[in-house]
Amino acid sequence: EIRESAAQAIGFGQLVPLLPELAKLLKDNSPQVRKVAAMSLLSFPATVSGDLLRQNINDSEYHSLFVNALASVDPTPYVADLQEIIIKNSEPTNWWGGLPPAADSWNILFKYIQAQPQSELQSGKFDSSLNALEKSQWFSSSEPRDLFALYVQRGLVERAKTFREHCRQSITYDIDYNFKMVDQSPETYQRD
């Protein structure tokens with residue numbers, strides 16, 4: 001309880017000089033202490049805690065959360081990690097709640113892909129990222145709708161057609177209603 005309280009105090013107080021103590025608590029024998037240490041670490045802006053996040057990025061329990069925190073600042077070095085989190089729907093077993101890590105990864109990767117030039121998307125350079133985005137376990141109808149809209153906006157006609165058909169067959173509700181809205185006004189769906 002004392003170690004857990006110390007980890008909480010560091011996060012609540014945003015005590016930057018004590019960040020190295022969180023590194024020790026992330027390796028504690030107690031799952032609860034590790035959980036609170038991770039939670040406290042993630043309460044700091046990634047621009048402040050980035051070094052510690054990078055040092056612990058391979059933490060088997062909190063990998064997805066640490067990747068998302070770092071990728072929210074600059075996704076480029078973490079594209080493969082984001083793809084893996086989405087495909088595996090990775091989530092800590094000792095998860096405290098909030099936006100599921102795979103959903104957060106999806107949002108980060110989508111915005112990264114959305115920022116790429118049309119020629120780059122059409123070249124196939126980002127196909128592995130697009131494949132990962134398509135493999136998401138959808139959290140709402142807006143993700144497939146916005147991905148479809150991106151394909152339409154960027155002239156990825158065949159990919160849009162294939163994705164639409166896949167969604168019609170695999171999603172249990174009328175997803176085509178959302179795709180028809182995109183057909184009418186593709187530029188409306190920017191996911192800003």
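Author: Helices (H or I, at least four residues) and strands (E, at least two) are DSSP runs, numbered from the N terminus. The structure is a predicted model, in which local features need pLDDT of at least 70 and side-chain atom pairs count only at pLDDT 80 or more, while totals for chains, interfaces and linings use all residues. Residues are numbered from 1 along each chain as its sequence is written, and side-chain values use heavy atoms, with hydrogens and water left out.

Reader: How many helices and how many strands are there in the protein?

Author: Read from the N terminus on, the elements run α-α-α-α-α-α-α-α-α-α-α-α. The C-alpha trace spans about 60 × 35 × 25 Å along its principal axes. The counts are 12 helices and zero strands.

Reader: What percentage of the 192 residues in the protein is made up of buried residues?

Author: A residue is called buried under 20% relative accessible area, exposed over 50%, and partly exposed in between (1.4 Å probe, protein chains only). Of the 192 residues in the protein, the buried share is 46%.

Reader: What is the accessible surface of the protein?

Author: Accessible areas come from the Shrake-Rupley method with a 1.4 Å probe, and for residues only the protein chains shown count as cover. Carbon and sulfur atoms account for 51% of the surface. The whole surface comes to about 9900 Å².

Reader: Among contacts between residues at least 6 apart in sequence, what percentage joins residues at least 24 apart?

Author: A contact means heavy atoms within 4.5 Å. Once pairs are restricted to residues at least 6 apart in sequence, the share joining residues at least 24 apart is 59%.

Reader: What is the phi of Gln-14?

Author: Most residues other than glycine have a negative phi. Gln-14 sits in the loop between α1 (2–13) and α2 (19–25), and its relative accessible area of 32% makes it partly exposed. Its phi is positive, near 50 degrees.

Reader: In which loop does Asn-89 lie?

Author: Asn-89, a residue other than glycine, has a positive phi near 50 degrees. With a relative accessible area of 27%, Asn-89 is partly exposed. Its place is the loop between α6 (79–88) and α7 (101–114).

Reader: How many salt bridges does a search of the whole structure find?

Author: Side chains of opposite charge can pair when their charged atoms come close. A salt bridge is counted when a side-chain nitrogen of Lys or Arg is within 4 Å of a carboxyl oxygen of Asp or Glu. Over the whole structure, the number found is 14.

Reader: With which residue does Lys-24 form a salt bridge?

Author: Lys-24 is exposed at a relative accessible area of 55%, whereas its partner is partly exposed at 34%. Both residues lie in helix α2, three residues apart, which is about one turn of the helix. The closest N and O atoms are 3.2 Å apart, and the partner is Glu-21.

Reader: How far apart are the closest N and O atoms of Glu-134 and Arg-159?

Author: Glu-134 and Arg-159 are both buried. In their salt bridge, the closest N and O atoms are separated by 2.9 Å. Because Glu-134 belongs to helix α9 (residues 127–134) and Arg-159 to helix α11 (residues 157–170), the pair ties together parts that are 25 residues apart in sequence. The distance asked for is thus stated as 2.9 Å.

Reader: Which residues do salt bridges that share partners join into one network?

Author: Asp-176 and Arg-168 form a salt bridge with their closest N and O atoms 3.1 Å apart. Asp-176 is buried at 11% relative accessibility, and Arg-168 is partly exposed at 41%. Bridges with shared partners join Arg-164, Glu-165, Arg-168, Asp-176 and Asp-183.

Reader: Which element gives the most to the lining of the largest pocket?

Author: On a 1 Å grid over the protein atoms alone, a cavity is a set of points where a 1.4 Å probe fits but cannot get out, a pocket is an open set with protein on both sides within 12 Å along at least five of seven lines, and lining residues have an atom within 4 Å of a point. The largest pocket has 14 lining residues, with Asp-59, Ser-60, His-63, Ser-64 and Ser-90 nearest its centre. At least two lining residues come from each of α5 (63–71) and α6. With three residues, the element giving the most is α6.

Reader: With which residues is Asp-146 in contact, leaving aside its neighbours within four places in sequence?

Author: Asp-146 belongs to helix α10 (residues 142–153). Its relative accessible area is 3%, so Asp-146 counts as buried. Beyond the neighbours set aside, its contacts are Phe-110, Tyr-189 and Arg-191.
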